[in-house]
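This report introduces a structure to a reader who has not met it before. It treats the ligand surroundings, the salt bridges and the aromatic rings in turn.

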Amino acid sequence: MLFAAGSLGAGSKVCVSCHAAIARSYAATPMALSSGATGTGLFRERFTAASVSLTGGGSLDVALKNGHVEYAFREGDLKGRRSLDYFLGAGLVGRSYATAIEGFLFQAPVSYYSAPQKWALSPGYERNPQINLIREVEPACLKCHATGVQTIAGTTNGYAAEPFQEGGIGCEGCHGAGDEHVRIMKGGKASGARSIVNPAKLPGGQRDSVCAQCHLPGAVEIARAGKHAGYKPGGLLSDSVVVFVLAGVDREATVNGHAEQLSRSACARQSNGKLWCGSCHDAHRTVPVQERPAHYRKKCLQCHEEKSCKAAVGGDCTACHMPKQQAATVAHAALTQHSIAKKTVAQASLPANLELTPFEGFAGSDRDLGLAYATIAIRDNNRAWGLRALELLTKVPEDDTKAAAKLAQLYDRMGRDKQACAIYERVHSLDPTPAVIVNLGACRAAEGKIEESIALWKSALKLSPAMEAGRLNLAVAQFRGGDGEAAKSTLREGLKFNPLSTRILQMLRDIQ
Ligand code: HEC
Ligand code: HEC
Ligand code: HEC
Ligand code: HEC
Ligand code: HEC
Ligand code: HEC
Ligand code: HEC
């Protein structure tokens, strides 16, 4: 198995011996506690409101059994159990969970909501409250919530037996790999290069990138073309990715993350780069609730005078200028308004005529913009965005496999199979992702080359065994080829991952 390298250098434990006070204080922050094996850490879920009834008649029941958290699911007469192996989220608002099956991680349909102390459907189920047992945990999710993520190359959700080396954000998530620093501090010779990153000492763009790598989700993030090492603290986030945000008539309603909101504040715009996350937050410490008004007031008064605002004398500046909204779900959005306005801005619903634009500081090429439109078009099934993407991506060079694969997917959706197949063919030899392999299999099948299709689908299922399109195709081909037993075992294997799959169950019945 091939593991992609995690970002861990020395590991956080090593830092404790010399930076004990920081390590102790940091260990109690939500960032330090943002993921781990379920049952570890300080937070404890309650199990008094642990039954979820779905509108379609199904149910989910969570329980603690021998120190292990698991849930029972039921839909009609189908039922089963899953364990909640890992948690994501410290639990300020709530927590989501992941289940490991044969090295692949899936998002649980149930999440825990801290304020009401109850279990309910996870974010993303608002529009379709049907149990989905095979929602993949993509590496991006863990990269923002854990440290030293160990993905298995070529898969979308395959991880090492330990999916991450450290739960939560480790020291090196903000300071970069620390092995060289530790070596030097223990008396080793200095190599001349800066041994450790101190975010506060970086130039503005590099400094802001440290927090933005996780706090600037934007509407969609696209990895730049070509080979680059990926973001590392000390560098510029914009060297490895382009973050796109939504722009439209009513821009305010679309601004979600903390970094995006802050960038719109007069404080950030008019302080010549002085204002940043670290002006108000100490990354190593959570300010106790009762101390917050005084804590933030002091920060404001570093740049403002009390007399600048009639209400300022003795008042809690953030109560009026950075109000907090209530969190209904654990959707990713700022609760505290970071656009620091004179008046509170109402959150409206999203207008329809939205366009994507690169966040300031992130120049995006046509290719990047095309990929961004394609991503949201495919996700939201939006034809207008799909057409924009098509226009932009047709000009992309042939060896750009990420862009080519997305272009093929768009052609596929529009029924333009010939164009799609030509691209799958080309991309397959360079960057065989599970989706590309499955689609190429379908192309070969359409040409009558069933043996080749079968081989392709089998290899795709090794990389993504929960992918049902490939599995159903394979079973049909095996059955038509006269091997009913092989077809049955292919389908039964799929039930391991998704015992609620109506399509697999239907096909099994049809075969029998
Ligand atoms: C053997 C002791 C030792 C260990 C282990 C150690 N440090 Fe340090 N560190 C120091 C000392 C001493 C300084 C202050 C001297 C300096 O700034 O050069 C320092 C300074 C720093 C600074 C400030 C640098 C600056 O330019 O302002 C950071 C950040 C830091 N350490 C992070 C870490 C992290 C993260 C780890 C774990 C990966 C770690 N240290 C492990 C001894 C250590
Ligand atoms: C590797 C990803 C990552 C990086 C880098 C990162 N954060 Fe976070 N941050 C998170 C996650 C995830 C949470 C949510 C933690 C939770 O509640 O589970 C969070 C939460 C926070 C919170 C809320 C905690 C609280 O006490 O309410 C603050 C404030 C914060 N981050 C500030 C920063 C600042 C400042 C920086 C840069 C110096 C930074 N973060 C860098 C991922 C990151
Ligand atoms: C771009 C980085 C990023 C990605 C990707 C990401 N998160 Fe988060 N997550 C955050 C940050 C930052 C917060 C803190 C609140 C905020 O800023 O929205 C957070 C908050 C949360 C919370 C609430 C934590 C609490 O203490 O209440 C949960 C639960 C959560 N994320 C789960 C997930 C899951 C599950 C995934 C993947 C499917 C995911 N996140 C993907 C950065 C990220
Ligand atoms: C979320 C980002 C983040 C994480 C995680 C983080 N730090 Fe820091 N650290 C910072 C920032 C930002 C500064 C600069 C603070 C300032 O001077 O304003 C800093 C400064 C430091 C310094 C030098 C200045 C000082 O305060 O003494 C040391 C040493 C340090 N960190 C060690 C650690 C260690 C050890 C850990 C892990 C236990 C850690 N940090 C985790 C963001 C982080
Ligand atoms: C690093 C310096 C800095 C910090 C810290 C800072 N501000 Fe500002 N702020 C500015 C500058 C510069 C302006 C623009 C000039 C002005 O209006 O004073 C500004 C403008 C404002 C405005 C006017 C907004 C508008 O739309 O015209 C408000 C309100 C405000 N700040 C509130 C706050 C509050 C509340 C805090 C603390 C939570 C704060 N600021 C922290 C620098 C800062
Ligand atoms: C002018 C001061 C100020 C600056 C600058 C600032 N914040 Fe905040 N932030 C706050 C206040 C005030 C809160 C609310 C604290 C509380 O929970 O009472 C907050 C809360 C948060 C939270 C907790 C979730 C929420 O929305 O309540 C996160 C995460 C966060 N900030 C991230 C950031 C990041 C990332 C940056 C830099 C892009 C940043 N903040 C810059 C003042 C600031
Ligand atoms: C009770 C609510 C409230 C509190 C508390 C409050 N403000 Fe304000 N502040 C306002 C309002 C409302 C305005 C807009 C007044 C206007 O437009 O004439 C304002 C305006 C401002 C401005 C812009 C002034 C200008 O002429 O553009 C700044 C800067 C500011 N406040 C800073 C602060 C600081 C710093 C604190 C805390 C020390 C604070 N405010 C506390 C309500 C408040």
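A polar contact is a pair of N or O atoms within 3.5 Å; within protein, one must be able to donate a hydrogen and the other to accept it, and residues adjacent in sequence count only if both atoms are side-chain atoms. One such pair joins a nitrogen atom of ligand 6 to an N or O atom in the side chain of His338, at 2.9 Å.

The model is predicted, so local features need pLDDT of at least 70 and side-chain atom pairs count only at pLDDT 80 or more, while totals for chains, interfaces and linings use all residues. Residues are numbered from 1 along each chain as its sequence is written, chains are lettered from A and ligands numbered from 1 in the order in which they are written, and side-chain values use heavy atoms, with hydrogens and water left out.

**Surroundings of ligand 6**

A residue is near a molecule if one of its heavy atoms lies within 4 Å of it. Around ligand 6 there are 18 residues, of which Cys277, Cys280, His281, Thr336 and His338 come nearest. Oxygen atoms of the ligand are also approached by polar side-chain atoms: one of Arg292 at 2.8 Å, and one of Lys324 at 2.7 Å.

By class, the shell has 10 nonpolar, 6 polar and 2 charged residues; here Ala, Val, Leu, Ile, Met, Phe, Trp, Tyr, Cys and Pro count as nonpolar, Asp, Glu, Lys and Arg as charged, and the others, Gly among them, as polar. Helices (H or I, at least four residues) and strands (E, at least two) are DSSP runs, numbered from the N terminus. At least two residues of the shell come from each of helix 7 (258–263), helix 9 (277–280) and helix 10 (292–300). Helix 7 gives the most, with 3 residues.

**Salt bridges**

The whole structure contains 22 salt bridges, each being a side-chain nitrogen of Lys or Arg within 4 Å of a carboxyl oxygen of Asp or Glu. Three of them are listed below.

| Pair | N to O distance |
|---|---|
| Arg379 and Asp380 | 3.1 Å |
| Glu452 and Arg444 | 3.0 Å |
| Lys402 and Asp431 | 2.6 Å |

The pair of Lys402 and Asp431 links distant parts of the chain, 29 residues apart: Lys402 lies in helix 14 (residues 401–413), and Asp431 in the loop between helix 15 (417–430) and helix 16 (434–446).

Exposure is given as relative accessible area, with buried under 20%, exposed over 50% and partly exposed in between (1.4 Å probe, protein chains only). Arg379 is exposed at 53%, and its partner Asp380 is partly exposed at 35%. Glu452 is partly exposed at 37%, whereas Arg444 is buried at 13%. Salt bridges also link Arg224, Arg367, Asp368 and Asp400 in a network.

**Aromatic rings**

There are 8 aromatic pairs in the structure. Rings of Phe, Tyr and Trp (its six-membered ring) pair if their centres lie within 6.5 Å; planes under 30 degrees apart count as stacked, over 60 as edge-to-face and the rest as tilted. Phe47 and Trp119 are stacked, at 5.7 Å centre to centre and with 25 degrees between the planes. Phe47 lies in the loop between strand 1 (35–37) and strand 2 (51–53) and Trp119 in strand 10 (residues 118–121), so the pair ties together parts that are 72 residues apart in sequence. Phe47 is partly exposed at 26%, and Trp119 is buried at 2%. Ring pairs link both residues with Phe43, Tyr97 and Tyr112 into a cluster.
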